[in-house]
Amino acid sequence: LCFCESSHYTNSTKAQNKNIVTINQTTTMVKELTYDKNRIILETWGEVQRISDYHVVIGSSLYQKFFNKCPSAKVLFGWSLEDDPNSDKVLKSRNFLSQSSLYVKL
């Protein structure tokens, strides 16, 4: 849940309410996962896993996008609002690398 703008909170709240309604749609989507779609997903994930330190590369990219979209979230991860998520200070810090890597490993 992002509180950096009131519109994010409103949209997130609406999305949460929609999730209650769309649980059956999500289940249906999983039932409709064809063999070909499943194969493509597994092949793509296999390609990603062949990237050296893929968990750091993917996790860092996700966190950078998250912090750029919702700067106030940086505080939750121990950064100041002034810290640039694209700077070496953030990207090479032990905290950032650890968090981003663990996120993908989950």
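## Contacts of Tyr-63

Contact here means heavy atoms within 4.5 Å. In this predicted model, Tyr-63 touches Phe-77, Phe-96, Gln-99, Ser-100 and Tyr-103, leaving aside residues up to four places away in sequence.

Tyr-63 also belongs to the largest nonpolar core, which has seven residues in all. The other members are Phe-67, Cys-70, Ala-73, Trp-79, Val-90 and Phe-96. In soluble globular proteins, nonpolar side chains tend to be buried together.

## Overall architecture

The protein has five helices and zero strands. Read from the N terminus, its elements run α-α-α-α-α. Of the 106 residues in the protein, 23% are buried. Among contacts with a separation of 6 or more, 41% are between residues 24 or more positions apart.

The loop between helix 2 and helix 3 contains Asp-53. The phi angle of Asp-53 is near 55 degrees, a positive value in a residue other than glycine.

## Helix 5

Helix 5 covers residues 94–105. At 1.5 Å a residue, its 12 residues should span 16 Å, and the end C-alpha atoms are 16 Å apart, which agrees. The expected span is 1.5 Å times one less than the number of residues.

Four names make up the buried set of helix 5: Phe-96, Ser-100, Ser-101 and Val-104. These buried residues cover an arc of only 115 degrees around the axis, which puts them on the same side of helix 5. An α-helix has 3.6 residues a turn, so residues three or four places apart point the same way. The face turned away from the buried side carries the exposed residues Arg-94 and Lys-105.

The buried residues of helix 5 pack against three helices: helix 2 (35–49), helix 3 (54–69) and helix 4 (88–91).

## Packing of helix 3 and helix 5

The axes of helix 3 and helix 5 come within 7 Å and cross at roughly 105 degrees. Angles of 65 to 115 degrees count as roughly perpendicular, and helix 3 and helix 5 are therefore roughly perpendicular to each other. On the helix 3 side, the contact is made by Tyr-54, His-55, Val-56, Ile-58, Gly-59, Ser-60, Leu-62, Tyr-63, Gln-64 and Phe-67. Helix 5 contributes Phe-96, Leu-97, Gln-99, Ser-100, Ser-101, Tyr-103, Val-104 and Lys-105.

Several of these residues recur above. Tyr-63 of helix 3 touches residues including Phe-96, Gln-99, Ser-100 and Tyr-103, which are listed on the helix 5 side of the contact. Tyr-63, Phe-67 and Phe-96 are among the residues of the largest nonpolar core. Lys-105 takes part in the contact with helix 3, and is one of the exposed residues on the face of helix 5 turned away from its buried side.

Notes: Residues numbered from 1 in each chain as written. Predicted model: local features only at pLDDT ≥ 70, side-chain atom pairs only at ≥ 80, totals over all residues. Heavy atoms only, no water. Helix = DSSP H or I, 4+ residues; strand = E, 2+ residues; numbered from the N terminus. Buried < 20%, exposed > 50% of the residue type's maximum accessible area, 1.4 Å probe, protein only. Arc of directions from axis to C-beta. Core = buried A, V, L, I, M, F, W, Y, C linked by side-chain atoms within 4.5 Å. Axes fitted to C-alpha atoms, helices over the stretch in contact; angles between N-to-C directions. Parallel < 35°, antiparallel > 145°, perpendicular 65-115°, else oblique.
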